[in-house]
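Student: Could you take me on a close look at a single part of this protein, the empty space enclosed inside it? I'd enjoy one connected walk through it, with anything that helps me place it in the rest of the fold.

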Amino acid sequence: MSLRRLFFSALVLLPCALISAAKPNLILINIDDLGYADIGPFGSSNATPHLDRIAKEGMKLTSHYAAPVCSPSRASLLTGCYPKRVLPIPHVLFPGAAVGLSGDETTIAEVLKEAGYKTACVGKWHVGDQPEFLPTAQGFDSYYGIPYSNDMGPGADGSKSNPGKPLPQPKGKAKKKAAAVNDETGIKGPTQPPLPLLENNNVIERVKAEEQFTVTQRYTDKVCDIIRQHKEGPFFIYMPHTAVHFPLYPSKEFMGKSPNGLLGDWVQEVDASVGQVLKVLRELKLDTNTLVVFTSDNGGSIPHGSNNQPLRGSKGQTYEGGIRVCTLAWWPGQVPSGSRTEEVTSHMDWLPTFAALAEAKLPTRKLDGKDLSPLLQGKKGATGHDVFHYYRGFKMEAIRAGAWKLHLDKGELYDLGQDIAEEKNVADQYPDEVKRLRALADEMKNDLGLDGPEAPGVRPLGRVANPQPLISADGTVRAGFDGVVKKLP
């Protein structure tokens, strides 16, 4: 071959080589309180065509675990650790909390930012609302969203009831009781301050009922804009939706459209949001270089209309329905289409997985997560976790090894391979398995402990002195927070 021909052949091949070597864009969509069977790929009759397409073109992770409630789950996802290791709190965080995810922890955003990624968080944060704990202090270049759950505001603003329902009117005794239980995790009950919408570190809006209807679409528009702005990549977008947490506020365009009530309506809007994000990726020809993960922060809330079938239990519990979450992975050409895995995976795996794909350095502190990239790419012999510990707050309530799951206090043993619904306790038939699982649980005594806030492997919370709400009860934005004194209607 002539030198001239070799030169032009190299020119033709060079772009392909550059494309194949490009670091993938990463999008993690995290829905709030989505039930295991609230979407079509996991058994819902509710129409979710875009999620159905993701499942058809990608992978279903059917044994994927989060945590029983919001804040611990999100801390685990962000840090690659069991929740108790990095956010040792009894339940969740509330507005004006003195504690949050410590700045000493290395988040998934910090890992990726060091590897050259643009990072953005759009949606519900919920690992601390003081400036020291917010996304822009934890590795994200930008933030847009409500920093905690949408029910953590005044009842008069629509935060304690679904659309069309009477607003709760707490009286004196209820207010006194709520004030009495406030602690370092924040302000609880009817005395909670107004919901703030933040852009970076600035409070830009007081979120009342009318604004709640628009949140999902505004998050979606923001994410699509970020994708267009950073189309040259690489970028990491964390999109933790406010939906479908109570109170249920689907946009008025979607209200009354599903057979599953308000929750089903909001699920359909979430599905449409995913469709818009994927459409932008396809239009910009970024789909073959973007991994999209869709998941939930915990199991669905049955009292608020979620469906966790065939799993037992609800949000807040360590039965499978409270902690196993519907999860999908989509990356055309990399994640095998129409695939599924029953390997045990969890939210704490996303940091090491994304770090591996981005060729980024892992934190030096201990991680509990595992790189799932071989599993996602369908490589032969790839596995998930051999053992998984079910923590609820400070306490380990259950443990899983292979298909066997033991509820420690109850002494209930289930074979999840044959009994995913945890209906048949077989502890009496398999005493050796009970003994083996208890021994595995006991191995955590010298790391995260079995109960209580203190253990050798539990790391300190972030903590601030004199925490203040971002918006006071009269609508005044916290003085000095964004450098501007203002009052919101």
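Tutor: Strand E14 (residues 387-392) gives the largest share of the lining of the largest cavity, with three residues. Keep in mind, as we go, that this is a predicted model. The largest cavity holds about 70 Å³ of space, and 14 residues line it. Closest to its centre are Ala66, Ser76, Tyr82, Pro83 and Phe388. Sorted by class, this lining has ten nonpolar and four polar residues, and no charged ones.

How many cavities of 30 Å³ or more does the structure hold? There are five. Rolling a probe the size of a water molecule over the atoms is what shows where empty space is left.

The second largest cavity is a good next stop, with about 50 Å³ of space. Its lining is made by Ala67, Pro72, Pro83, Lys84, Leu87, Pro88, Ile89, Tyr391, Arg392 and Gly393. Here E14 appears again: this strand and helix H4 (83-86) each supply at least two of the lining residues. Pro83 is worth a pause, as one of the residues closest to the centre of the largest cavity and also part of the lining of the second largest. By class, the second lining has seven nonpolar residues, one polar and two charged.

Now for some surroundings, beginning with a pair of helices. Two packed helices are described by the angle between their axes and the distance between the axes. For helix H2 (residues 49-57) and helix H9 (residues 261-283), the axes come within 7 Å and cross at roughly 55°, which means that H2 is oblique to H9. On the H2 side, Pro49, His50, Leu51, Arg53, Ile54 and Glu57 make the contact, and they meet Asp271, Ala272, Val274, Gly275, Leu278 and Arg282 of H9. The residues of this contact divide into six nonpolar, two polar and four charged.

Finally, a single residue: is Ile471 buried or exposed? Ile471 has a relative accessible area of 0%, so it is buried. Ile471 sits in the segment after strand E18 (462-463). Leaving aside residues up to four places away in sequence, Ile471 touches Pro193, Pro194, Leu195, Pro196, Val203, Glu205, Arg206, Thr476, Val477 and Leu488. As a reference for distance, Ile471 and Ser301 are 170 residues apart in sequence and 28 Å apart in space, C-alpha to C-alpha.

How values were computed
Residues are numbered from 1 along each chain as its sequence is written. This is a predicted model: local features need pLDDT of at least 70, side-chain atom pairs count only at pLDDT 80 or more; totals for chains, interfaces and linings use all residues. Side-chain values use heavy atoms; hydrogens and water are left out. Axes are lines fitted to C-alpha atoms, for helices over the stretch in contact, and angles run from 0 to 180 degrees between N-to-C directions. Helices (H or I, at least four residues) and strands (E, at least two) are DSSP runs, numbered from the N terminus. Angles under 35 degrees count as roughly parallel, over 145 as roughly antiparallel, 65 to 115 as roughly perpendicular and the rest as oblique. Contact means heavy atoms within 4.5 Å. Ala, Val, Leu, Ile, Met, Phe, Trp, Tyr, Cys and Pro count as nonpolar, Asp, Glu, Lys and Arg as charged, and the others, Gly among them, as polar. On a 1 Å grid over the protein atoms alone, a cavity is a set of points where a 1.4 Å probe fits but cannot get out, and a pocket is an open set with protein on both sides within 12 Å along at least five of seven lines; lining residues have an atom within 4 Å of a point. Grid points are joined across faces, edges and corners, and a volume is the space filled by probe spheres set on the points. Buried means under 20% relative accessible area, exposed over 50%, partly exposed in between (1.4 Å probe, protein chains only).
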